[in-house]
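Me: I am new to this structure. Please take me through its metal sites, with reasons.

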Amino acid sequence: MAKIQKDMQVILKSIQQGTPSKLTNKENQLQAQTNCERDVGRHFTTIKIRKSWDDAEAYCRVMGGHLATFKNKEEFDLITGEIDPSERYWLGINDRAKENNFVSVDFGKKVTFFEWGLAEPNNAAKDAGLDEDCVELKDLKMNDSECTGENFFICQN
Ligand SMILES: [Ca+2]
Ligand SMILES: [Ca+2]
């Protein structure tokens, strides 16, 4: 696992440096080796590696997609029916640009479907001088959380 993570770092670094996003054979091979990924639907893949929100999004980009957003309740139910309720998973939504204006990482648009947990989004870390600007699934509901936290995540292609 350590070697894979190291290889991923190299891939992510190459992306940050502007290398074309098309995967090489070696990178494709690497993905096949991880065994951490499981398709839960036609366009969604859960990644059972813990990463910060930014690193998770970078990982999804290597796979040719983005962190996931849901178009409707049907998609939401499909995914939440397949994942571990005790884990947290990053989604492709944040309010970094403007507080309480949650947009999709994919299009930078407003997100049309939300399924917030009770009293969320609450930007709760604000009391500690921080912000909760990235959206995760927690107890199978949406929650705004600190972007630096390390969670499993869901990619969408
Ligand atoms: Ca926020
Ligand atoms: Ca929150």
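Me: What makes the atoms around the calcium ion (ligand 1) its donors?
Reply: The cut-off decides: donors are N, O and S atoms within 2.8 Å of the metal, or 3.2 Å for Na, K and Ca, and water is not among the atoms, so sites may look incomplete. Here Asp95 (OD, twice), Glu99 (OE, twice), Asn123 (OD1), Glu132 (O) and Asp133 (OD) sit at 2.3 to 2.8 Å. The model is predicted: local features need pLDDT of at least 70, and side-chain atom pairs count only at 80 or more, while totals for chains, interfaces and linings use all residues. Residues are numbered from 1 along each chain as its sequence is written, chains are lettered from A and ligands numbered from 1 in written order, and side-chain values use heavy atoms, without hydrogens or water.

Me: Why is asparagine 123 called buried?
Reply: Buried means under 20% relative accessible area (exposed is over 50%, partly exposed in between; 1.4 Å probe, protein chains only). Asparagine 123 has 7%, so the word applies. Aspartate 133, at 10%, is buried too.

Me: Which residues hold the calcium ion (ligand 2)?
Reply: Glu120 (OE), Asn122 (OD1), Glu132 (OE), Asn143 (OD1) and Asp144 (O and OD) coordinate that ion, at 2.3 to 2.5 Å.

Me: What makes the arrangement around the calcium ion (ligand 2) irregular?
Reply: Six donors count as octahedral if opposite donors are over 155 degrees apart and all others between 65 and 115. The 6 donor atoms here subtend 69 to 148°, so the arrangement is irregular.

Me: How do you know that asparagine 143 is buried?
Reply: Asparagine 143 has 6% relative accessibility, and therefore counts as buried.

Methods:
Tetrahedral: all angles 85-135°; square planar, octahedral: opposite > 155°, others 65-115°.
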